[in-house]
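Hi,

Here is the structure I promised to pass on. My notes follow below it, and I hope they save you some time.

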Amino acid sequence: MKRVVCVFGSPRPDGNSDILLNQAIKGAETGGGVIEKIVIRDLHIAPCNSCNGCFEKGVCVIDDDMQKIYSRFVDADVIIVVSPIYFMGVSAQLKALIDRCQAFWARKYILHLPIRKDASVARGFFIATAARSNGEELFTGAVKTMKSFFHVLDTKYMGDILCAGLEEKGVVYKKQEILQQAFNAGKQLLHRNSE
Ligand SMILES: Cc1cc2nc3c(=O)[nH]c(=O)nc-3n(C[C@H](O)[C@H](O)[C@H](O)COP(=O)(O)O)c2cc1C
């Protein structure tokens with residue numbers, strides 16, 4: 001059974017980001033994936049304070065809910081992350097989680113340790129929602145952040161769904177094609193052969 005770690009990056013419960021990730025989860029469930037939800041707004045995750053404490057053992061020294069999350073990423077076969085676009089980037093809540101993955105960076109690049117014992121590569125997928133209906137480079141910053149995050153986690157960036165024009169809570173329910181895309185993405189991440 002594949003482990004699918006789903007990271008809810010919006011502080012707004014039941015908003016557009018939650019709805020789309022739940023659609024992807026429904027798709028992943030058709031492939032028999034074991035779903036693990038990480039709802040960041042329900043957790044206490046401090047930002048990285050650049051103490052370099054992780055340089056010694058590749059383990060973060062801050063004692064908060066992030067400690068429960070590291071092993072989930074290590075054990076994941078698929079990681080799906082959703083975030084609203086905030087000021088052209090990901091939400092602050094998600095960015096705090098990502099920055100705390102500096103511990104994985106230290107593991108890899110300072111201590112030369114593998115992220116996963118069997119050196120396997122997980123699959124990563126990103127979903128983003130934004131209010132503006134157009135705008136050059138609306139998603140560029142967030143996508144770069146997510147590619148960097150997945151890279152550190154030895155996770156292949158399989159693709160993304162970048163949804164513009166979503167402002168009010170739940171408005172994505174009116175966009176049947178996007179809901180279907182999210183469902184299909186979850187399904188394909190489980191069904192697709194290793195690449
Ligand atoms: C603090 C904040 C910053 C935002 N910045 C942007 C932005 O830079 N560009 C944009 O198109 N939408 C921006 N938005 C709108 C959200 O991205 C959009 O409403 C999104 O669909 C919210 O997702 P949610 O329903 O999952 O919370 C911002 C919203 C907030 C609250």
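The shell around the ligand is made up of nine nonpolar, five polar and three charged residues (Ala, Val, Leu, Ile, Met, Phe, Trp, Tyr, Cys and Pro count as nonpolar, Asp, Glu, Lys and Arg as charged, and the others, Gly among them, as polar). Please keep in mind that this is a predicted model, where local features need pLDDT of at least 70 and side-chain atom pairs pLDDT 80 or more, while totals for chains, interfaces and linings use all residues. Numbering runs from 1 along each chain as its sequence is written, and side-chain values use heavy atoms, without hydrogens and water.

Of the 17 residues around the ligand (a heavy atom within 4 Å of it), Arg12, Asn16, Ser17, Ile85 and Leu166 come nearest. There are also polar contacts (N or O pairs within 3.5 Å) to the backbone: ligand oxygen atoms lie 2.8 Å from a backbone N or O of Asn16, 3.1 Å from a polar backbone atom of Ala131 and 2.8 Å from one of Arg132. On its own the ligand exposes 650 Å², and the protein buries 77% of that (Shrake-Rupley, 1.4 Å probe).

How many disulfides did I find? The count is zero, taking a disulfide as two cysteine sulfur atoms within 2.5 Å. The sulfur of Cys48 is too far for a bond, because its closest cysteine sulfur, in Cys54, is 6.6 Å away. For Cys101 the closest is in Cys60, at 9.5 Å, again too far. Cys101 is buried at 5% relative accessible area, whereas Cys48 is partly exposed at 37% (buried is under 20%, exposed over 50%, partly exposed in between, with a 1.4 Å probe and protein chains only).

Best wishes

Key
Polar contact = N/O pair within 3.5 Å; in protein donor to acceptor, adjacent residues only side chain to side chain.
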